Amino acid sequence: MITSFLVKAVSPVPIRFETYTGFSVRGMFYALLRSADEDLARSIHEANTISPYSTSVLETRRQGMLFSGTVAAGEPFSF
């Protein structure tokens, strides 16, 4: 069973986050889960209970925890 994982990526273009980056991370989590198991992703997303997972905000070396703002083109980030 997976208990924790870290996603590391590099943005090819600047990405501006007008709101809390945790919302975007949650969306990326569902996209990854949906690509592996669409039915599981749907059932977790539609459940009216406490989520069986947690996510974090984006992090960059330059800015640390990024709650809102911009990830520059070519800048590594993780969540």
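This is a short tour of a predicted model, going from the whole chain to its core, its surface and its salt bridges.

**The whole chain**

Start with the full protein chain in cartoon view. There are 2 helices and 6 strands to find. Followed from the N terminus, the elements come in the order β-β-α-α-β-β-β-β. Along the principal axes, the C-alpha atoms fill a box of roughly 35 × 20 × 20 Å. The chain has 79 residues, and 27% of them count as buried. About 5700 Å² of the protein chain is exposed, with carbon and sulfur atoms supplying 57% of that area. Of the contacts with a separation of 6 or more, 62% are between residues 24 or more positions apart.

**The nonpolar cores**

Next, select Phe 17, Val 25, Leu 58, Leu 66, Val 71, Phe 77 and Phe 79. These 7 residues make up the largest nonpolar core. Apart from that core lies another one, of 6 residues, including Phe 29, Tyr 30, Leu 33 and Ile 44. Nonpolar side chains tend to be buried together in soluble globular proteins.

Now centre the view on Leu 58. Which residues does Leu 58 contact, leaving aside its neighbours within four places in sequence? Core members among them are Phe 17, Val 25, Leu 66, Val 71, Phe 77 and Phe 79. Leu 58 is also in contact with Thr 21, Met 28, Gly 64, Met 65 and Ser 78.

**A serine in a loop**

Select Ser 11, in the loop between strand 1 (8-10) and strand 2 (15-17). Is Ser 11 buried or exposed? Ser 11 is buried, because its relative accessible area of 1% is under the 20% cut-off. Not counting residues up to four places away in sequence, Ser 11 touches Val 71, Ala 72, Ala 73, Gly 74, Glu 75 and Phe 77. Two of these, Val 71 and Phe 77, also belong to the largest nonpolar core.

Add Glu 75 to the selection and compare its C-alpha atom with that of Ser 11. The two atoms are 5.9 Å apart in space, while the residues are 64 apart in sequence.

**A bridge between two loops**

Keep Glu 75 and add Arg 62. The side chains of Arg 62 and Glu 75 meet in a salt bridge, 3.0 Å from N to O. Arg 62 sits in the loop between strand 3 (58-60) and strand 4 (64-66), and Glu 75 in the loop between strand 5 (69-71) and strand 6 (76-78), so the pair ties together parts that are 13 residues apart in sequence. The two partners differ in their cover: Arg 62 is exposed, with a relative accessible area of 56%, whereas Glu 75 is buried, at 8%.

**A network on helix 2**

Salt bridges that share partners also join Glu 38, Asp 39 and Arg 42 into one network. Select these three residues and look at the two bridges in turn.

- Glu 38 and Arg 42 form a salt bridge of 3.1 Å, N to O. They are 4 residues apart in helix 2 (residues 38-46), so about one helical turn separates them.
- Arg 42 forms a salt bridge with Asp 39 as well, the closest N and O atoms being 3.2 Å apart. Both residues lie in helix 2, 3 residues apart, which is about one turn of the helix.

Colour the three by accessibility. Glu 38 is partly exposed at 46%, and Arg 42 is partly exposed at 37%. Asp 39, at 56%, counts as exposed. How many salt bridges does a search of the whole structure find? The search finds 4.

**A nonpolar surface patch**

For the last stop, switch to a surface view and select Tyr 20, Phe 23, Met 65 and Phe 67. Together these residues form a nonpolar patch on the surface, with about 460 Å² of accessible area. Tyr 20 is placed in the loop between strand 2 and helix 1 (21-36). The relative accessible area of Tyr 20 is 38%, which makes this residue partly exposed. Another patch member, Met 65, is among the contacts of Leu 58.

Note on methods
Residues are numbered from 1 along each chain as its sequence is written. This is a predicted model: local features need pLDDT of at least 70, side-chain atom pairs count only at pLDDT 80 or more; totals for chains, interfaces and linings use all residues. Side-chain values use heavy atoms; hydrogens and water are left out. Buried means under 20% relative accessible area, exposed over 50%, partly exposed in between (1.4 Å probe, protein chains only). Contact means heavy atoms within 4.5 Å. A nonpolar core is a set of buried Ala, Val, Leu, Ile, Met, Phe, Trp, Tyr and Cys residues joined through side-chain atoms within 4.5 Å. Patches are made of residues with over 30% relative accessible area and no salt bridge: like charges are joined within 9 Å, nonpolar side chains (Val, Leu, Ile, Met, Phe, Trp, Tyr) within 5 Å. Accessible areas come from the Shrake-Rupley method with a 1.4 Å probe; for residues, only the protein chains shown count as cover.
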